[in-house]
Amino acid sequence: MRIRHALTAAATAASVISLGLVTGVPAQAAEYSSALKIKGVQYDAPGSDSNRCSGGNAASEYLTIKNYSRTATVNLKGYVVKDAAGNTFTFRTTHNLQPGDYVKLRGNRGTDSDAKNVVYRQNCNFIWNNDKDTIYLYKSSGARADVHSYTKKSNDRDGNGYITYHG
């Protein structure tokens with residue numbers, strides 16, 4: 001019975017493709033098979049942008065990554081965050097996310113903390129554009145874990161500089 005069902009599903013998929021009924025899907029609409037996903041981004045830090053290491057507000061710009069697995073703990077070591085311009089951050093040390101746990105990847109310099117769920121980029125420059133950008137999350141294997149594009153006008157209707165992707 002399972003084989004017949006699989007063949008029927010395969011035949012249906014082949015028919016849809018041959019009829020040209022498959023359309024391009026935007027990158028952010030794809031669901032990746034990763035426990036870790038981008039929960040949200042504070043792409044526009046409150047206040048006037050100042051990327052000074054002392055007294056600036058780069059630490060107020062952050063990306064929240066959450067472990068959506070119900071059972072698996074995920075080590076962030078080797079995961080990569082990238083923007084459309086190619087700016088990258090690689091998690092170089094062990095940072096375990098328990099099921100349902102999250103981490104905020106912040107700009108600026110600081111001390112990473114599992115207890116406070118924070119990792120600092122050790123770079124005072126802003127990474128996310130205030131008007132539009134694309135955020136990529138890659139697994140340590142190099143496979144894409146999640147991706148989201150945003151524009152201030154379309155995705156941040158309340159204008160607070162924060163966009164939520166996964167609840």
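**Entry 1: strand 4 and its partners**

I take two strands as paired if DSSP finds at least two bridges between them. I am working on a predicted model. I started at strand 4, residues 80-83, and looked at strand 5, residues 88-90. The two run antiparallel, and three bridges join them. I looked up lysine 82 and found its bridge partner in strand 5 to be threonine 88.

Next I checked the turn. Strand 4 and strand 5 form a hairpin with four residues between the strands. Which residue there takes a positive phi? I found glycine 86, near 95 degrees.

Then I looked for strand 4 pairing with strand 9, residues 132-138. These strands are also antiparallel, with four bridges between them. Here I noted aspartate 83, whose bridge partner in strand 9 is isoleucine 135. Strand 4 thus pairs with strand 5 and with strand 9.

**Entry 2: the open sheet**

I moved on to another set of strands. What is the order of the five strands in the open sheet? I read 8-7-2-1-11, and the pairing is mixed. Strand 8 (118-120) and strand 11 (162-164) sit at the edges, each pairing on one side only. From one strand to the next, the twist averages 25 degrees.

Inside this order I picked strand 1, residues 36-42, and strand 2, residues 62-67. They run antiparallel, joined by six bridges. My reference pair is isoleucine 38 with its bridge partner in strand 2, isoleucine 65. A reminder to myself: strands of a sheet pair through backbone hydrogen bonds.

**Entry 3: aromatic pairs**

I counted aromatic pairs and got four. I looked up tyrosine 43 with tyrosine 150: the ring centres are 4.8 Å apart and the planes stand at 35 degrees, so I logged the pair as tilted. Tyrosine 43 is in the loop between strand 1 and strand 2, while tyrosine 150 is in strand 10 (residues 144-151). The pair links distant parts of the chain, 107 residues apart. Are these tyrosines buried or exposed? Tyrosine 43 is buried, and tyrosine 150 is too.

I then took phenylalanine 89 and phenylalanine 91. This aromatic pair is edge-to-face, with 5.0 Å centre to centre and 85 degrees between the planes. Phenylalanine 89 has a relative accessible area of 11%, so I noted it as buried. Phenylalanine 91 is buried as well, at 3%.

**Entry 4: the salt bridge**

Side chains of opposite charge can pair when their charged atoms come close. How many salt bridges are there? My count came to one. Lysine 152 forms a salt bridge with aspartate 44, with 3.7 Å between the closest N and O atoms. Lysine 152 is in helix 2 (residues 152-155) and aspartate 44 is in the loop between strand 1 and strand 2, so the pair ties together parts 108 residues apart in sequence.

I checked accessibility at both ends. Lysine 152 is partly exposed, with a relative accessible area of 37%. Aspartate 44 has 16%, and under 20% counts as buried, so aspartate 44 goes down as buried.

The loop between strand 1 and strand 2 has now come up twice: it holds tyrosine 43 and aspartate 44.

**Entry 5: leucine 76**

I went back along the chain to leucine 76, in the loop between strand 3 (74-75) and strand 4. Its relative accessibility is 0%, so leucine 76 counts as buried. What does leucine 76 touch, leaving out residues up to four places away in sequence? I listed Leu36, Phe91, His95, Leu97 and Val103. Phenylalanine 91 I had met before, in the edge-to-face pair with phenylalanine 89.

I also looked at leucine 36, which lies 40 residues from leucine 76 along the chain. The C-alpha atoms of the two leucines are separated by 9.0 Å.

**Entry 6: whole chain and confidence**

I finished with the totals. The protein chain has two helices and 11 strands. From the N terminus, I read one α, then a run of β elements, then α and a final β. Of the 167 residues, 37% are buried. Among contacts with a separation of 6 or more, 57% are between residues 24 or more positions apart.

Confidence came last. The pLDDT of the chain averages 82, and 81% of the residues score at least 70. Over residues 1-29 the pLDDT is below 50, and I found nine contacts for this stretch beyond near neighbours in sequence. Where pLDDT is low, the predicted coordinates should not be read in detail. I left residues 1-29, with pLDDT below 50, at that.

Notes:
Residues are numbered from 1 along each chain as its sequence is written. This is a predicted model: local features need pLDDT of at least 70, side-chain atom pairs count only at pLDDT 80 or more; totals for chains, interfaces and linings use all residues. Side-chain values use heavy atoms; hydrogens and water are left out. Axes are lines fitted to C-alpha atoms, for helices over the stretch in contact, and angles run from 0 to 180 degrees between N-to-C directions. Rings of Phe, Tyr and Trp (its six-membered ring) pair if their centres lie within 6.5 Å; planes under 30 degrees apart count as stacked, over 60 as edge-to-face and the rest as tilted. Buried means under 20% relative accessible area, exposed over 50%, partly exposed in between (1.4 Å probe, protein chains only). A salt bridge is a side-chain nitrogen of Lys or Arg within 4 Å of a carboxyl oxygen of Asp or Glu. pLDDT is the predictor's confidence in each residue, from 0 to 100. Contact means heavy atoms within 4.5 Å.
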